[in-house]
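Hi,

Here is the structure I promised to send over. Have a look at it first, and then read on for what I found in it.

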Amino acid sequence: MTDLSWKAVLFDLDDTLIDYSSAAAVEHESAGRLIQPHLPTGAMPEFWKRFHGHLARHHAEVDTGRVTVDDYRERRLRHALKPWCEPSPELAAAVASCADATAARVELHQGVMGVLRSLRSAGVLVGIITNGPEGIQNGKCARLGLTAAVDTVVTSQDVGRTKPDAAVFHTALERLHTLPRQAVVVGDSWENDVMGGLRAGLGAAVHIRRPNTPVLTAPGLLGRLAHVDRELLGMLEVRHGGS
Ligand SMILES: [Mg+2]
């Protein structure tokens with residue numbers, strides 16, 4: 001068994017433990033087919049730019065529960081279609097059902113359950129910290145067996161803040177009775193997971209690069225956690241070099 005000095009590991013959910021991007025790509029295609037007949041020729045790129053621009057500006061409102069998922073989706077579609085038309089209730093419901101299908105479609109990355117079992121059998125506490133509405137994120141965790149496979153799941157809606165806010169990391173660590181410096185964060189977002197975790201005082205961070213997660217095999221991840229201090233130094237060099 002790898003000798004780990006870490007007391008807890010916090011995992012991001014989407015595109016770290018589960019393959020969110022593949023499911024979202026299917027949603028993108030299905031929603032595009034619904035929208036296309038309502039737009040003039042050649043307008044799809046501008047529609048998606050408006051759609052994703054709204055997402056980037058307002059996701060924290062829905063991720064912290066200040067706006068309901070239904071209201072958020074309706075507003076986003078209305079904003080994206082504004083130059084051309086008003087969405088009918090039927091179109092809005094059909095586009096929303098594409099998004100619901102994403103949560104129902106996501107699957108675990110290969111080897112994830114083995115990693116979680118290995119960590120817990122080594123005496124390491126395991127948490128999930130995820131940005132998103134609690135109904136959707138907890139629903140995915142329950143369906144995929146993650147809720148029972150970890151010690152705590154913290155959503156941004158539970159905390160009222162989104163990663164990279166330190167409150168999300170600290171809430172999870174308080175539940176695990178663990179000090180930040182005794183914990184490692186593992187995630188695919190450089191800003192939200194890696195830098196957010198380091199700014200929150202976590203001892204180290206492991207960056208999972210999209211679209212594949214080859215480190216998520218039990219020996220691979222355990223090995224990386226055992227040597228993560230050296231990796232952390234490398235990450236800090238990257239940060240300094242880029243700033
Ligand atoms: Mg992620």
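S1 and S4 run parallel, joined by four bridges. In that pairing, Val9 sits opposite Val184 of S4. Before I go on: this is a predicted model, so please read everything below as computed from the prediction.

S1 has a partner on its other flank too, since S1 and S2 are also parallel and also linked by four bridges. Val9 turns up again here, standing opposite Val126 in S2. What about the two faces of S1, are they covered or not? Both are covered: Ala8 and Leu10 are buried on one side, and Val9 and Phe11 are buried on the other.

Now the sheet as a whole. It is an open sheet of five strands with parallel pairing, and the order is S3-S2-S1-S4-S5. S3 (152–155) and S5 (204–207) are the edge strands, each pairing on one side only. From one strand to the next, the twist averages 20°. If you want to find the S3 end on screen, start with S2 (residues 125–130), which pairs with S3 in the parallel sense over four bridges. Gly127 has Thr152 in S3 as its bridge partner.

Two helices to look at against this sheet are H6 and H9. H6 (residues 134–143) lies across S2 and S3, and runs at about 155° to S3. H9 (residues 166–175) packs on the sheet as well, touching S1 (8–11), S2, S3 and S4 (183–187). The direction of H9 makes about 155° with that of S3.

Next, a pair of helices. How do H3 and H4 pack? H3 (residues 69–81) and H4 (residues 89–105) meet at an angle of about 115°, and their axes are 10 Å apart. Their crossing is right-handed. On the H3 side the contact is made by Arg73, Glu74 and Leu77, and on the H4 side by Ala92, Val95, Ala96 and Ala99. Sorted by class, that contact has five nonpolar residues, two charged ones and no polar ones.

Val95 deserves a click of its own. This residue lies in H4, and it counts as buried because it has 23 C-beta neighbours inside 10 Å, where the cut-off is 20 or more. Leaving out residues up to four places away in sequence, Val95 touches Ala31, Leu34 and Leu77. The C-alpha atoms of Val95 and Arg33 are separated by 9.7 Å, although the two residues are 62 residues apart along the chain.

Then there is H5 (residues 112–121), where Val112, Val115, Leu116 and Leu119 are buried. Why do these four end up on the same side of H5? They cover an arc of only 95° around the axis, so they share one side of the helix. Just after H5, look for Gly123, which takes a positive phi of about 85°.

Finally, some totals for the chain. The secondary structure comes to 12 helices and five strands. Of the 243 residues, 38% count as buried. Among contacts with a separation of 6 or more, 67% are between residues 24 or more positions apart.

Cheers

How values were computed:
Residues are numbered from 1 along each chain as its sequence is written. This is a predicted model: local features need pLDDT of at least 70, side-chain atom pairs count only at pLDDT 80 or more; totals for chains, interfaces and linings use all residues. A residue is buried if 20 or more other C-beta atoms lie within 10 Å of its own, exposed if 12 or fewer, and partly exposed in between; C-beta atoms are placed from the backbone. The arc is that of the directions from the helix axis to the C-beta atoms. Axes are lines fitted to C-alpha atoms, for helices over the stretch in contact, and angles run from 0 to 180 degrees between N-to-C directions. A crossing is left-handed if the near helix is turned anticlockwise from the far one by less than a right angle, and right-handed if clockwise. Two residues are in contact if their C-beta atoms, placed from the backbone, lie within 7 Å. Ala, Val, Leu, Ile, Met, Phe, Trp, Tyr, Cys and Pro count as nonpolar, Asp, Glu, Lys and Arg as charged, and the others, Gly among them, as polar. Two strands pair if DSSP finds at least two bridges between them.
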